[in-house]
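Me: I would like to go through this model by question and answer. Please keep each reply brief and end on the value or name requested.

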Amino acid sequence: MDRPLILPLASCTEPSLVGGKAFGLARLIAGGFSVPPGLCLTTEAYDCALRAQGFSSAEQWHAALRSSGAERQRILFHCHTILQNYDIRGLTAQFIEQVRLLGLPLSGPWAVRSSATNEDGARASFAGVYRTRLGIPIEDVGLAVKDLWMSIWDERVLNYHATSELTGAPPAMAIVLQPLLEASAAGVAYSVHPLTGRATQVVVNAVSGLAATLVDGRITPDQYVVEIAEDNQPIRIGERTIAGQIQALRMTDQGLQQMTLPDEALGLATLSDEQLLTLARVVKQVEQTLGHPVDLEWLFDERGLWLLQARPISGLGAPRPLTNDDCEWSRANFKETMPELPSPLGLSFLEQFMERYILAPYRRMGCVIPEGVSSVRTFQGRPYINMTLFYSLIVQLRGDPSLLAEQMGGESITRVPEVRLLRWPTVIRAGLVMLMEMRRAVRCGPAWFAEMKAMAAEQCPDRIRILSSEDIAPRLDALAQWLDKRELTFGIAGGVAHCLQMLGSLLPRWLGKDWRALLNGALQGQAAVISAQQIVRLAEIVGMVRRDHSVTALFTTEPWDPMEVRRKLDGSDVLRAFNSYLDDYGHRGIGESDPMSSRFADRPDLLLAVLRTQVLAPNSTTPADILQRQTMVRERALAEIRARFGWRFHRWIVFSWWYRRLCRFFALREANRHHLMYYSAATRSLLLRLGEWLVEQGKLSSQEDIFYLTIEARTDLLTGGSSDWKRMIQARRAERDRHAPISVPDTIQDWQSVVRGTNASPIADSEGVFHGIPISAGKVVGPVRFVKSMEDWVRVCRGDILVVAVIDPGMAPLFGVASGLIAEMGGTLSHGAIIAREYGLPAIANVTGIMARLNEGDRVSLDAERGEIIALDEPGASLSCGQS
């Protein structure tokens with residue numbers, strides 16, 4: 001059967017007959033993509049032109065490859081002459097007849113593009129090596145075809161062929177012919193980043209008008225990088241580099257012309273965001289259809305997007321190792337336990353803690369952390385945790401990372417990193433290492449917690465007042481060495497995460513969609529959670545105040561002076577109970593992971609104000625009420641879980657085992673946190689004494705200056721470093737003051753765009769309905785009360801729904817006053833979440849933008865079972881609890 005000379009593009013299914021470009025366009029058409037209609041002059045037409053002259057293409061091709069200089073030029077000139085002399089009129093007539101049959105225009109300009117058999121291949125693309133002719137009248141198509149045939153016999157084609165180490169038969173030239181479209185914008189797009197190999201980034205180069213000047217390298221295009229989600233959908237424009245074009249290549253009556261853009265278009269982006277996201281979506285769809293990363297030529301006209309070419313991206317190496325700039329970052333977790341603006345020393349402690357006690361165990365388990373990738377990064381003085389890194393660590397260990405954001409707080413990552421799974425022997429070994437860490441925490445935790453409590457007593461200010469730097473430095477070093485050998489956070493966190501992973505995989509199938517609410521209910525009233533016990537202790541003190549009328553009068557009489565009340569309580573049972581509370585919880589505070597943060601023991605007036613709020617309330621909750629309520633919620637949830645299991649008794653056995661284990665590790669987690677703060681209190685006392693001594697020596701201006709030195713700088717100072725410490729601290733204080741009024745995003749998905757000031761934060765629901773993660777079950781309606789610092793505590797009234805940036809565990813004393821809790825950030829595993837759940841306070845976290853969308857005093861309905869907050873149609877009011 002004779003091989004055809006001309007084919008419609010949709011029929012170009014044989015690469016050896018139609019070449020790489022036409023074959024790629026046929027695949028796009030078959031995939032349902034928009035391709036301009038057209039025809040292909042096949043390689044058979046090219047071969048016929050050569051055979052008519054008695055020309056051996058194979059013989060001449062190999063002769064040209066072997067030769068050089070003048071001899072090669074002679075061979076190429078001979079080939080050009082053969083093709084130039086070919087009578088193409090018959091072929092042109094057949095082409096025009098096919099144009100009529102397809103209903104294509106005869107009068108407009110045409111695009112004539114090469115489609116050689118060695119073009120657009122996986123090993124070599126030959127991009128830009130062969131010729132393209134644009135704006136050709138149909139009567140001149142024959143001349144353009146011969147020009148493209150001759151482009152095979154060219155010095156640069158031979159050199160490219162040799163450099164690519166290609167062998168075999170010489171290439172043959174097919175040609176794609178399509179009516180030329182009037183482009184508003186055109187360019188190329190890569191379905192993966194061609195430099196880094198990132199599959200989660202589409203790179204687009206765009207120019208106004210036709211793209212001939214772009215592919216020829218005669219113009220600098222706009223460049224965009226579009227971030228792609230795991231489902232191959234574009235999520236945002238990560239980078240946007242606008243070249244500021246002033247001209248566009250357009251078709252005119254005089255042919256192709258560089259036309260000056262109108263004034264209103266000068267310097268603007270070539271593509272709108274909508275066009276860019278549409279293009280990125282189509283590029284990833286093409287990649288999926290063709291089964292490999294693609295380099296796509298495209299064009300927008302008034303009708304929409306057209307695809308002009310799709311070829312494999314040749315020379316694509318392995319993806320570049322992950323860098324910090326590739327990662328997504330969140331303030332979750334850190335924001336709950338650090339102040340809004342941590343001290344330089346606090347940041348230094350945090351970085352050291354994460355490296356020594358979190359990343360180091362992962363490395364011991366066999367996980368790979370790319371060089372230069374850190375777990376902590378600071379922006380405008382605020383620390384961020386590397387969510388991408390922890391996602392990759394979970395995946396390496398063949399775990400399920402889907403619950404990462406829910407457990408840690410913050411948003412799910414949008415760009416899923418490429419992760420190489422650890423081999424099963426390594427995963428098994430890692431499991432054994434984690435099991436040993438967990439058993440160590442269970443076995444050693446209680447004794448080591450007692451040692452940390454003793455540390456705080458040993459290093460209390462009264463005992464260390466006479467120490468000098470020669471005494472303090474060794475004590476600080478000894479504390480650090482002690483923690484190196486006894487830190488339990490990794491094993492305890494692993495135990496909690498392991499339990500939640502197992503329950504999270506089983507309960508959705510066994511219980512249904514509301515499994516989280518049932519589990520949260522079942523976790524209430526765990527008396528072993530030490531952080532939640534402080535709420536009951538405060539309630540006990542309130543009961544003592546109410547039983548003694550003279551003491552009650554002190555808490556209700558105006559004007560209110562908490563320190564005067566404390567003085568008048570001297571010798572009373574109430575003050576003894578209060579002091580006992582401070583002995584057990586006075587080392588806690590807001591932002592307590594930073595040694596610079598003050599503790600409850602430093603501000604007893606705030607705790608007395610919380611007690612007064614409860615005393616003033618008409619119906620104060622007693623400890624018995626609290627315990628009874630928690631017990632009822634827990635028992636009701638457990639009964640419902642057991643009822644849903646029905647006759648499947650084995651499910652109850654499995655659940656009970658994992659539930660008890662989870663309760664144990666939750667209690668351990670809070671006990672670890674509570675006692676680490678004893679360790680922090682001991683460190684804080686030593687640092688303050690060190691600061692005091694350095695002031696005496698004239699090296700610091702104030703005692704608190706010590707918190708403006710990093711760990712390394714402090715060591716340098718004590719070993720005789722010659723820096724101007726006062727000047728350094730003054731500069732850091734000034735920097736901290738500059739950072740203080742700056743608002744920063746809670747999530748950074750593109751670090752560089754944030755540095756450039758272009759990060760966009762998500763927006764909460766627009767109809768007065770907000771959604772988040774259910775933390776602690778319950779439903780309540782009440783007024784909004786913003787709590788941004790400890791100074792706001794005195795304004796909290798019974799029944800308020802607290803709205804906070806994060807659930808700081810230091811807020812626990814307020815949980816006995818509030819009726820509900822809403823947090824902009826936070827997860828199910830945060831320390832504050834555990835306390836809220838243990839106490840039974842209805843709570844929802846991860847409600848992005850809620851503090852900007854509500855007003856103080858607004859009444860809201862909080863449904864912590866559905867994770868929903870509804871702003872009721874009632875205006876905000878100025879609230880008062882009666883305090884002066």
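Me: What share of the area exposed by the chain do carbon and sulfur atoms supply?
Reply: This is a predicted model, in which local features need pLDDT of at least 70, side-chain atom pairs count only at pLDDT 80 or more, and totals for chains, interfaces and linings use all residues. Residues are numbered from 1 along each chain as its sequence is written, and side-chain values use heavy atoms, without hydrogens or water. Accessible areas come from the Shrake-Rupley method with a 1.4 Å probe, and for residues only the protein chains shown count as cover. The chain exposes about 38,100 Å², and the share from carbon and sulfur is 52%.

Me: What percentage of the residues in the chain is buried?
Reply: Buried means under 20% relative accessible area (1.4 Å probe, protein chains only). The chain has 884 residues, and the buried part is 56%.

Me: Which helix gives the largest share of the largest nonpolar core?
Reply: Such a core joins buried Ala, Val, Leu, Ile, Met, Phe, Trp, Tyr and Cys residues through side-chain atoms within 4.5 Å. The largest has 160 residues, and Phe390, Phe555 and Trp793 are among those with the most contacts inside it. Helices are DSSP runs (H or I, at least four residues), numbered from the N terminus. The largest share, 21 residues, comes from residues 649–696, helix H25.

Me: At which residue does H11 bend?
Reply: H11 covers residues 344–364. The bend is the angle between axes fitted to the seven residues ending at a residue and the seven starting there. In H11 this angle is about 30 degrees, at Glu355.

Terms used: Buried < 20%, exposed > 50% of the residue type's maximum accessible area, 1.4 Å probe, protein only. Helix = DSSP H or I, 4+ residues; strand = E, 2+ residues; numbered from the N terminus. Expected span 1.5 Å × (residues − 1).
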